[in-house]
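Thank you all for making the time this morning. I would like to walk through one structure with you, going from the chain as a whole to a few selected side chains.

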Amino acid sequence: MPKTSARLLSLLSLLQARRDWPGALLAERLDISPRTVRRDVDRLRELGYPIVAFKGPDGGYRLDAGTELPPLLFDDEQAVALAIALQIATTTGAGIEEAAARALTTVRQVMPARLRRRIDTLQVTAVERPATRPDTQVDSSVLMTLSAAVHAREVLRFDYAPASPPGATDDDRAESLPRRVQPHHLVTWGGRWYLVAWDLDREDWRTFRADRITPRTPTGPRFTPRELPGGEVAAFVASRFQGSDGSGDWPCRGEVILDLPAAAVFRYTREGIVEELGPDRCRLVLGSWSWPGLAATIGRFDADIEVVGPTELKDAFALLARRYAKAATDGPTTLTTPPSSQ
């Protein structure tokens, strides 16, 4: 029979692996008697683990939720996965960076040397996107409130701060607007958190930025969830950010032929369709918010362009050509040599 301490750890590991364990099966797995199982369960209870017994033909034990967080056991893969997740927590925008760093330190201290070496060799540096928009951290308590309302299917009331123009001061900011919604999903997109909900006053689906939400209490009555357009939250959110009415497509979509290998174009195309037409020629179908925006996106490829269609895309290229030509000739100074990038 293994020592008591080792046996207790094995018992705890089994109880964490599945919800219900018949007592006879635990005794068989640990190679001990049912009486010893009962004694070991009592020892774990004394250590703070909320283990409940259930009756029946296969009466046994279950590790339940308690009022405090007792020590946990992780296998090697779980421990490594937890450490990696804690390292990249700074990219979530959930305002949990300090807590994640402390949790990682705690986990690392109790890891076996073999796992600690694996974790120490994986150093993750969170690189933020270029500062084209302000940093938007969300208080974790707000996320918990939104998530709880989604889970409970309760009407949520909150104040929603409208977007402020660039360079706005506190005096320039508009007052928050009260909203009443049926919350359906809490999602992340592009480093930000959003609430997908049915707006009761506007009678339409809306996506709200979580960093602009100030929840009110208490929540409202329970509701029966509506079905999202299309049925899938990922497709719905993607279509909303593409500016469509739920069809899942961009408002402007065009087709061109580029004098570039398909592999080179595909590497820099996230949401387009690239078709190989030859070793140095490919077809590109791409969407955007506007025709000039689409033309500018295609123009970043350093290659000759043949517009297949539609006419609006050709007109957008002509518009940009005039603008670029004017920019190249206007101004007090003409640079004949591009400035050094160093």
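Let me begin with a term that I will lean on throughout: a residue is called buried when its relative accessible area is under 20%, exposed when that value is over 50%, and partly exposed in between. By that rule both Trp198 and Trp205 are buried, and I will come back to this pair later. Please keep in mind that what you are looking at is a predicted model.

First, the chain as a whole. It has 11 helices and 12 strands, and of its 342 residues, 31% are buried. The area that the chain exposes is about 22,000 Å², with carbon and sulfur atoms supplying 52% of that. If we take the contacts between residues at least 6 apart in sequence, 56% of them join residues that are at least 24 apart.

Next, the sheet towards the end of the numbering. Strands of a sheet pair through backbone hydrogen bonds, either parallel or antiparallel. Here we have an open sheet of four strands in the order β10-β11-β9-β12, and the pairing is antiparallel. The edges are taken by β10, residues 273-278, and β12, residues 305-309, each of which has a single partner strand, so that one side of each is left without a neighbour in the sheet. From one strand to the next, the twist averages 25°. Strand β9, which covers residues 252-258, is joined to the antiparallel β12 by four bridges, and within this part of the sheet Val256 stands opposite Val307 of β12.

Which strands does helix α10 touch where it packs on the sheet? Helix α10, residues 291-299, touches β9, β11 (281-288) and β12, and its direction makes about 25° with that of β9. Helix α11, residues 311-329, lies across β9 and β12, and runs at about 145° to β12.

Let me turn to charged side chains. Side chains of opposite charge can pair when their charged atoms come close. The count of salt bridges in this model comes to 14, and I have picked out three of them.

The first is between Asp20 and Arg62, whose closest N and O atoms are 2.6 Å apart. Asp20 lies in strand β1, residues 20-22, while Arg62 lies in strand β3, residues 60-63, so this pair ties together parts of the chain that are 42 residues apart in sequence. Asp20 is partly exposed, with a relative accessible area of 27%, whereas Arg62, at 18%, is buried.

The second joins Arg43 to Asp40, with 2.7 Å between the closest N and O atoms. These two residues are three apart in helix α3, which spans residues 34-46, and that puts about one helical turn between them. Is Asp40 buried or exposed? Asp40 is buried, with a relative accessible area of 0%, while its partner Arg43 counts as partly exposed at 33%. The pair also belongs to a wider arrangement, in that Arg7, Asp40 and Arg43 are linked in a network of salt bridges.

The third is the salt bridge in which the side chains of Arg283 and Glu275 meet, at 3.2 Å from N to O. Both partners count as partly exposed, Arg283 at 22% relative accessibility and Glu275 at 40%.

Finally, the aromatic side chains, where a search of the whole structure finds four pairs. In one of them, the ring centres of Phe158 and Tyr160 are 6.2 Å apart and the planes meet at 75°, so the pair is edge-to-face. Phe158 is buried with a relative accessible area of 0%, and Tyr160 is buried as well, at 11%. Together with Phe208, these two residues form one aromatic cluster.

That brings me back to Trp198 and Trp205, whose ring centres are 5.6 Å apart with planes at 80°, so this pair is also described as edge-to-face.

Which residues does His184 contact, once its neighbours within four places in sequence are left aside? The list includes Trp198 and Trp205, along with Val150, Val196, Ala197, Phe223, Pro225 and Arg226. His184 itself has its place in strand β5, residues 177-189, and is buried, with a relative accessible area of 10%.

Technical notes: Residues numbered from 1 in each chain as written. Predicted model: local features only at pLDDT ≥ 70, side-chain atom pairs only at ≥ 80, totals over all residues. Heavy atoms only, no water. Buried < 20%, exposed > 50% of the residue type's maximum accessible area, 1.4 Å probe, protein only. Contact = heavy atoms within 4.5 Å. Areas by Shrake-Rupley, 256 points an atom, 1.4 Å probe, with all protein chains shown as cover. Pairing = 2+ DSSP bridges. Axes fitted to C-alpha atoms, helices over the stretch in contact; angles between N-to-C directions. Salt bridge = Lys/Arg side-chain N within 4 Å of Asp/Glu carboxyl O. Phe/Tyr/Trp six-rings, centres within 6.5 Å; stacked < 30°, edge-to-face > 60°.
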